[in-house]
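Visitor: I would like a close look at one part of this protein. Please pick a single helix and walk me through its surroundings.

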Amino acid sequence: SRVHLGVIGDSGTPAHDLAVRSLQSRDDIVLTKSTQEGFGLTVTEAMLRGSAVVASQVGVISLQLENGHNGVTVDPNAEDAEWVVELGSLVEDDKHRRRLGNQARADILERHAVDRQLIALVQGLTPFFSELCLE
């Protein structure tokens, strides 16, 4: 019934990190309007928590979020009005917001869980070790 918007400053400080953790543990929607991004850790954390994510379609975020499947992506050069429309649609539609958040969590657990990463690593190294053992 209410929307709270927050901007967190002091990036890289302990106070910033605490504020991010505190807000992310209670959010329904996360908006990140990056103009450049390597691995989108903020996006990953929000997805893991089952939040709906609206993010710039830049860097690895383009690989993390599939528009309409597990989040919403917006051209980083889009006008603010487009961001408002995307955010507003999630605020208004609980079912769609929950579906995106649930799918986001499932995708992160499937792709980035430690056991999945370990299995992929072992499978990737198996041919290498097999060749060593044969020589």
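Guide: What follows is a tour of helix H2 and its neighbours, in a predicted model.

Start with the helix itself. H2 runs over residues 41–48. Which of its residues are buried? They are Val 43, Thr 44, Ala 46 and Met 47. Their directions span an arc of only 165° around the axis, so they sit on the same side of H2. A general point about helices helps here. An α-helix has 3.6 residues a turn, so residues three or four places apart point the same way.

Now ask what lies over that side. The cover on the buried residues of H2 includes two strands, E1 (29–32) and E2 (52–56). It also includes two helices, H3 (61–64) and H5 (94–112).

Take H5 next. The geometry of such a pair has a standard description. Two packed helices are described by the angle between their axes and the distance between the axes. The axes of H2 and H5 come within 7 Å. They cross at roughly 110°. An angle from 65 to 115 degrees counts as roughly perpendicular, and H2 and H5 are therefore roughly perpendicular to each other. Who meets whom? From H2 come Thr 44, Met 47 and Leu 48. From H5 come Gly 101, Ala 104, Arg 105, Ile 108 and Leu 109. By class, that contact holds five nonpolar residues, two polar and one charged. Thr 44 and Met 47 appear here as well as among the buried residues of H2.

Move to the end of the helix. Just after H2, Gly 50 has a positive phi of about 80°. Then comes Ser 51, in the loop between H2 and E2. Is Ser 51 buried or exposed? Its relative accessibility is 1%, so Ser 51 counts as buried; the cut-off for buried is under 20%. The side chain of Ser 51 makes a polar contact of 2.4 Å with the side chain of Asp 27. Leaving aside residues up to four places away in sequence, what does Ser 51 touch? The list is Asp 27, Asp 28, Val 30, Ala 46, Gly 101 and Ala 104. Ala 46 is one of the buried residues of H2. Gly 101 and Ala 104 belong to H5, and both also take part in the contact of H5 with H2. Val 30 falls within E1, one of the strands that cover H2.

Follow H5 a little further, since it has another helix partner. The axes of H4 and H5 come within 5 Å and cross at roughly 105°. H4 and H5 are therefore roughly perpendicular to each other as well. On the H4 side, the contact uses Leu 90, Val 91 and Glu 92. On the H5 side, it uses Asp 94, His 96, Arg 97 and Leu 100. Sorted by class, these are three nonpolar, one polar and three charged residues.

One last link leads back to the H2 contact. Leu 109 of H5, which takes part in the meeting with H2, is also touched by Arg 116. Arg 116 lies in helix H6, residues 114–134. Arg 116 touches Glu 110 too, again leaving out residues up to four places away in sequence. With a relative accessibility of 46%, Arg 116 counts as partly exposed.

To recap: H2 has its buried residues on the same side, H5 is part of their cover, and Ser 51 is buried in the loop that leads to E2.

Notes: Residues numbered from 1 in each chain as written. Predicted model: local features only at pLDDT ≥ 70, side-chain atom pairs only at ≥ 80, totals over all residues. Heavy atoms only, no water. Buried < 20%, exposed > 50% of the residue type's maximum accessible area, 1.4 Å probe, protein only. Helix = DSSP H or I, 4+ residues; strand = E, 2+ residues; numbered from the N terminus. Arc of directions from axis to C-beta. Contact = heavy atoms within 4.5 Å. Axes fitted to C-alpha atoms, helices over the stretch in contact; angles between N-to-C directions. Parallel < 35°, antiparallel > 145°, perpendicular 65-115°, else oblique. Nonpolar A, V, L, I, M, F, W, Y, C, P; charged D, E, K, R; others polar. Polar contact = N/O pair within 3.5 Å; in protein donor to acceptor, adjacent residues only side chain to side chain.
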